[in-house]
Amino acid sequence: MLQSNASEIQGISVESLCQEFGTPLYVYDAQTIINKYTLFKNSFSVNSLTINYAVKALSNPSVLKIFKQLGANLDTVSIQEIQLGLHAGFDPKNIVFTPSGVSHEELKKAIDLGVKINIDNLNTLEYVGHIYPTLPICIRFNPHVMAGGNANISVGHIDSKFGISIHQIPLVKRIVETLDINVEGVHMHTGSDILDVDVFLQAADILFDVAKQFDTLKYIDFGSGFKIKYKESDHETDVVEFGKEMSLRFNAFEQEFGKPLTLMFEPGKFMVSESGYFFVKTNLVKQTTSTIFASVDSGFNHLIRPMFYNAHHEIYNVSNPDGKPRIYTVVGYICESDTFGYNRKISEIKEGDILGFKNAGAYCFSMASNYNSRYRPAEILIHNNEAKLIREREVFNDLLKNLVEVDI
Ligand SMILES: *Cc1c(COP(=O)(O)O)cnc(C)c1O
């Protein structure tokens with residue numbers, strides 16, 4: 001479901017938040033995170049379910065603590081994300097490290113910290129087998145499923161850099177058996193491009209076939225790829241339907257396997273995207289020959305998805321919700337084409353008006369940078385009807401912090 005044009009969140013006025021903490025401002029509604037997590041969890045009926053929240057979507061430790069309280073584990077892709085998880089109080093055994101092409105040194109650090117390791121290439125499998133002969137590990141496979149014959153919407157396609165091809169299973173088994181590696185998990189993550197439940201289930205069937213071949217198995221991790229709506233016409237994964245179908249298959253497989261297994265997922269976007277709003281202030285409304293531009297006090301340095309992925313984020317006027325709708329192109333202040341949205345119908349914008357962006361919870365702050373030497377915004381978490389500052393806006397000293405200035 002699309003987020004509302006919120007002028008308040010849990011009874012707290014957006015205008016007052018922007019006044020108190022300044023703009024641009026990221027605001028997350030903890031209740032939405034709790035609701036999404038609960039919906040996801042309740043969609044499955046299996047004996048053992050583990051949800052690893054994908055930290056890279058939104059990595060603020062205060063948000064991680066919400067997931068901890070909900071009983072989630074973490075999925076991480078860098079040693080730094082592992083450290084953030086530990087900092088937020090997670091037990092290392094409840095953190096999975098799913099890196100792509102990292103150095104053996106980084107992998108070793110993660111293993112020494114005691115987190116679960118997910119291996120996505122044969123070279124690393126051999127390395128870990130030699131150095132840590134008793135370590136339980138998970139192996140990431142690439143199921144090579146094509147959806148509708150279109151390479152753009154294929155999952156885990158043949159050219160993907162991720163995972164070990166299912167066609168290499170004989171070689172994987174040779175390494176595993178020779179080095180006596182303890183494979184406790186198999187995994188796939190097909191990317192955020194799964195259009196329907198059937199495609200996911202098709203890939204899942206392939207992973208079940210793989211799973212059969214490892215009798216030390218304790219869990220099967222089906223990754224993520226759950227779609228949410230960025231605009232009204234978008235397709236959204238029906239997790240209730242998916243959960244029903246997936247549970248049936250998983251329970252049948254568990255029977256066939258003959259030993260208890262845990263069903264695992266690692267959603268990021270699904271859990272946090274709709275919890276987030278990004279609020280900016282309009283600096284300038286400028287009518288050119290062809291276009292009305294609304295120029296705001298932010299840019300792709302703070303929210304890069306429109307420029308980077310051509311992503312759509314709904315934009316609405318917080319300050320003048322009932323104004324006459326007009327057609328705006330909303331642009332940022334970065335000195336190159338920096339556009340948040342073309343030809344958007346938004347109620348009349350005046351200079352000083354606060355605009356809100358929806359779906360600002362996932363891959364928004366976590367991808368922000370200091371380009372144009374701008375400060376990264378503050379982050380607010382609304383929890384139990386209270387607004388809590390969970391990251392301060394940067395200041396000039398943050399820009400100077402790692403500089404080594406030499407006399408020229
Ligand atoms: C990014 C990532 C996820 C999360 O994907 P979403 O589309 O945000 O749910 C899960 N698992 C792995 C391994 C990832 O790299």
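1. Start at Thr-237, where a polar atom of the side chain sits 2.7 Å from the backbone nitrogen of Lys-227. This is a predicted model, so read that distance as a computed one. To find Thr-237, look in the loop between strand E11 (219-221) and H9. Is Thr-237 buried or exposed? It counts as buried, because its relative accessibility is 13%. Leaving out residues up to four places away in sequence, Thr-237 touches Val-197, Gly-225, Phe-226 and Lys-227. So Lys-227 turns up twice for this threonine: in the list of touching residues and, through its backbone nitrogen, in the 2.7 Å pair.

2. Next, the inside of the protein. The largest nonpolar core has 101 residues, and those with the most contacts inside it are Phe-141, Ile-220 and Phe-222. Which helix gives this core its largest share? That is helix H8 (residues 197-211), with ten residues. The core also takes at least three residues from each of two domains, domain 1 (30-271) and domain 2 (273-395).

3. Have a look at Phe-141, which lies in strand E8 (residues 136-142). Phe-141 counts as buried because its relative accessibility is 2%. What does Phe-141 contact once neighbours within four places in sequence are left aside? The list is Gly-163, Ile-164, Ser-165, Ile-166, Ile-169, Val-172, Val-186, His-187, Met-188, Leu-207, Val-210 and Phe-214. If you want a backbone distance to check in your viewer, try Phe-141 and Ile-119: they are 22 residues apart in sequence, and their C-alpha atoms are 8.9 Å apart.

4. Phe-222 deserves a visit too. With neighbours within four places in sequence left aside, Phe-222 is in contact with Met-188, Phe-200, Ala-204, Leu-207, Phe-208, Met-246, Phe-250, Leu-263, Met-264 and Phe-265. Met-188 and Leu-207 appear in this list and in the one for Phe-141. There is also a second, separate core of 17 residues, which includes Ala-6, Ile-12, Cys-18 and Ile-380.

5. While you are at helix H8, pick out Gln-202, which lies in that helix. Gln-202 is partly exposed, because its relative accessible area is 41%. Gln-202 and Pro-143 are 59 residues apart in sequence, yet the distance between their C-alpha atoms is 9.3 Å.

6. Now the charges. Side chains of opposite charge can pair when their charged atoms come close. How many salt bridges does a search of the whole structure find? The search finds ten. One of them joins the side chains of Asp-112 and Lys-108, at 4.0 Å from N to O. Both residues are in helix H5 (residues 104-113), four residues apart, which is about one turn of the helix. Asp-112 counts as exposed because its relative accessibility is 55%, while Lys-108, at 34%, counts as partly exposed.

7. Arg-249 and Asp-205 form another salt bridge, with their closest N and O atoms 3.0 Å apart. This pair links distant parts of the chain: Arg-249 belongs to helix H9 (residues 239-257) and Asp-205 to helix H8, 44 residues apart. Arg-249 is partly exposed at 29% relative accessible area, and Asp-205 is partly exposed at 35%.

8. Then there is Arg-376 with Glu-394, whose side chains meet in a salt bridge of 3.1 Å, N to O. Where do the two residues sit? Arg-376 is in the loop between strand E18 (354-357) and strand E19 (378-383), and Glu-394 is in the loop between strand E20 (386-391) and helix H12 (396-400), 18 residues apart. Arg-376 counts as partly exposed, with 23% relative accessibility, but Glu-394 counts as buried, with 13%. Elsewhere, salt bridges that share partners join Asp-209, Lys-212 and Glu-256 into one network.

9. Last, the cysteines. A disulfide is a covalent bond between the sulfur atoms of two cysteines. The count here comes to zero disulfides. Why does Cys-18 have no such bond? The closest cysteine sulfur, in Cys-364, is 16 Å from the sulfur of Cys-18, which is too far for a bond. Cys-18 is buried, with a relative accessible area of 7%, and Cys-138 is buried as well, with 1%.

Notes
Residues are numbered from 1 along each chain as its sequence is written. This is a predicted model: local features need pLDDT of at least 70, side-chain atom pairs count only at pLDDT 80 or more; totals for chains, interfaces and linings use all residues. Side-chain values use heavy atoms; hydrogens and water are left out. A nonpolar core is a set of buried Ala, Val, Leu, Ile, Met, Phe, Trp, Tyr and Cys residues joined through side-chain atoms within 4.5 Å. Buried means under 20% relative accessible area, exposed over 50%, partly exposed in between (1.4 Å probe, protein chains only). Domain bounds come from an automatic or database domain assignment. Contact means heavy atoms within 4.5 Å. A polar contact is a pair of N or O atoms within 3.5 Å; within protein, one must be able to donate a hydrogen and the other to accept it, and residues adjacent in sequence count only if both atoms are side-chain atoms. A disulfide is a pair of cysteine sulfur atoms within 2.5 Å.
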